[in-house]
Amino acid sequence: MINPAKRTNTIELSQIRKMFEATKPGAINLGIGEPDFNVPQNIKDAMKKSIDDNETQYTPNKGYIELREKIAEKFKKDNGIITDPENIIVTVGASEALYISAQAFMEAGDEILLPDPSFLLYESCINLAGGTIVPVDCKMENEFKLKADDVLEKITDKTKAIILNSPSNPTGAVMEKEDIKAIADLSMDHNFLIISDEIYEKIIYDKKHYSPAKYSDNVITINGFSKTYAMTGLRIGYLTANEEHTEELFKIHQNSIACANSTAQKGAYEALTGPQDEVHKMVSEFKKRRDLIVSRLNEMGYETVNVEGAFYVFPKIEDKNFVKKAADAGVVTVSGAAFGSNGKGHVRMSYANSYENIEKAMDILEERVVNG
């Protein structure tokens with residue numbers, strides 16, 4: 001046995017993937033965060049055409065310039081972020097953008113503020129970079145929304161960065177404008193970096209999304225096409241930051257990935273420039289599913305806040321055996337403890353499944369887990 005690098009000792013394999021791979025045939029999967037919609041036809045057609053036109057060579061390291069120009073326009077229009085195509089990097093999904101952000105700016109001795117609960121990839125990226133995680137509580141009484149006052153309490157002279165994710169995985173929480181702006185102000189006052197994961201930005205209900213980069217220059221804004229356009233397997237994302245930060249990020253990207261997938265980039269260009277009807281339909285359907293799953297869980301006695309974004313609910317379920325009981329009954333869920341200490345006593349369920357399957361899953365839980 002050849003000893004692995006010590007850095008891998010800090011990493012555990014994804015609990016979500018473990019549940020996904022252990023799914024029994026016929027089980028209803030409420031564990032995976034993947035839209036059950038197809039890639040819109042216009043995006044498929046654009047990618048097919050790019051292959052037929054033999055556009056399969058290496059692209060510029062940062063991505064096709066025409067795509068980066070459209071991303072810059074999108075940032076200005078949707079987020080109030082003024083950026084330049086040269087300060088945009090097209091990445092292999094938002095996951096690569098998170099990884100290179102950590103590699104470029106985190107090291108031993110750095111404290112990284114991390115909402116608790118939060119997506120488990122953040123913890124892995126911080127650990128691989130050698131940073132020290134400082135949890136910031138996201139409490140159920142605040143609908144799991146990160147509050148600026150709680151962030152302020154955790155800032156020290158070792159604070160290097162904070163990771164924000166709104167709308168949130170795993171809770172579906174959408175941060176308030178005043179907290180986004182206050183944390184942006186703190187990043188300037190205390191000179192730390194905000195890594196803002198905005199991958200669920202378009203999947204939001206009755207609220208408005210705010211980007212911290214509108215209020216601070218110390219921000220890496222990360223986004224992508226996986227969730228909004230159901231392009232999960234095409235692995236295409238992007239980031240922007242100021243010129244100095246982008247140069248450091250580019251060093252990691254260029255020497256690890258070289259460039260993102262050429263065909264997926266052509267699809268991404270079409271996604272931004274083509275009709276958005278399918279996105280609106282998808283979000284409308286997610287809202288119906290949210291209303292269904294929240295009401296059914298509350299009726300069963302599992303306290304669930306009425307989440308405002310993404311496609312997850314995070315009900316309070318203190319039965320330690322719930323996830324196993326649900327899986328045995330044919331419904332896959334994920335223990336909230338996988339997302340941080342504040343996730344204990346909760347379970348994450350994704351409603352990125354059909355309305356009919358969610359309805360069926362709730363019936364199974366009620367009949368075989370609650371009353372079984």
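**Helices, a sheet and hollow spaces in a predicted model**

Reader: Where should I begin, and how do helix 10 and helix 12 cross?

Author: The axes of helix 10 (residues 277–299) and helix 12 (residues 355–370) come within 10 Å and cross at roughly 10 degrees. Please keep in mind that this is a predicted model.

Reader: What does that make helix 10 relative to helix 12, roughly parallel or roughly antiparallel?

Author: Helix 10 is roughly parallel to helix 12, because angles under 35 degrees count as roughly parallel.

Reader: Which residues make the contact?

Author: Helix 10 contributes Glu 285, Lys 288, Arg 289, Leu 292, Ile 293, Arg 296 and Leu 297. From helix 12 come Tyr 355, Ile 358, Glu 359, Met 362, Asp 363 and Glu 366.

Reader: And how many of them are nonpolar, polar or charged?

Author: Between helix 10 and helix 12, the contact has six nonpolar and seven charged residues, with no polar ones.

Reader: Changing topic: in what order do the three strands of the open sheet come?

Author: The order is 9-12-11, and the pairing is antiparallel. Strand 9 (312–313) and strand 11 (334–335) are the edge strands, each pairing on one side only.

Reader: How many bridges join strand 11 to strand 12?

Author: Two bridges join strand 11 to strand 12, which covers residues 347–350. As an example, Val 334 has Arg 348 in strand 12 as its bridge partner.

Reader: What holds paired strands together in general?

Author: Strands of a sheet pair through backbone hydrogen bonds.

Reader: Now the hollow spaces. What is the volume of the second largest pocket?

Author: Its volume is about 420 Å³. The second largest pocket is lined by 20 residues, and Lys 74, Asp 78, Lys 202, Tyr 229 and Gln 276 lie nearest its centre.

Reader: Which elements supply that lining?

Author: Helix 3 (65–79), strand 7 (219–224), helix 9 (262–273) and helix 10 each supply at least two residues. Helix 3 gives the largest share, five residues. By class, the lining of this pocket has seven nonpolar, six polar and seven charged residues.

Reader: How many cavities of 30 Å³ or more are there?

Author: The count comes to four. The largest cavity holds about 110 Å³ of space.

Reader: Which residues lie nearest the centre of the largest cavity?

Author: Those are Pro 115, Cys 138, Phe 144, Asn 165 and Ser 168, out of 14 lining residues. The lining of the largest cavity divides into eight nonpolar, five polar and one charged.

Notes
Residues are numbered from 1 along each chain as its sequence is written. This is a predicted model: local features need pLDDT of at least 70, side-chain atom pairs count only at pLDDT 80 or more; totals for chains, interfaces and linings use all residues. Side-chain values use heavy atoms; hydrogens and water are left out. Axes are lines fitted to C-alpha atoms, for helices over the stretch in contact, and angles run from 0 to 180 degrees between N-to-C directions. Helices (H or I, at least four residues) and strands (E, at least two) are DSSP runs, numbered from the N terminus. Angles under 35 degrees count as roughly parallel, over 145 as roughly antiparallel, 65 to 115 as roughly perpendicular and the rest as oblique. Contact means heavy atoms within 4.5 Å. Ala, Val, Leu, Ile, Met, Phe, Trp, Tyr, Cys and Pro count as nonpolar, Asp, Glu, Lys and Arg as charged, and the others, Gly among them, as polar. Two strands pair if DSSP finds at least two bridges between them. On a 1 Å grid over the protein atoms alone, a cavity is a set of points where a 1.4 Å probe fits but cannot get out, and a pocket is an open set with protein on both sides within 12 Å along at least five of seven lines; lining residues have an atom within 4 Å of a point. Grid points are joined across faces, edges and corners, and a volume is the space filled by probe spheres set on the points.
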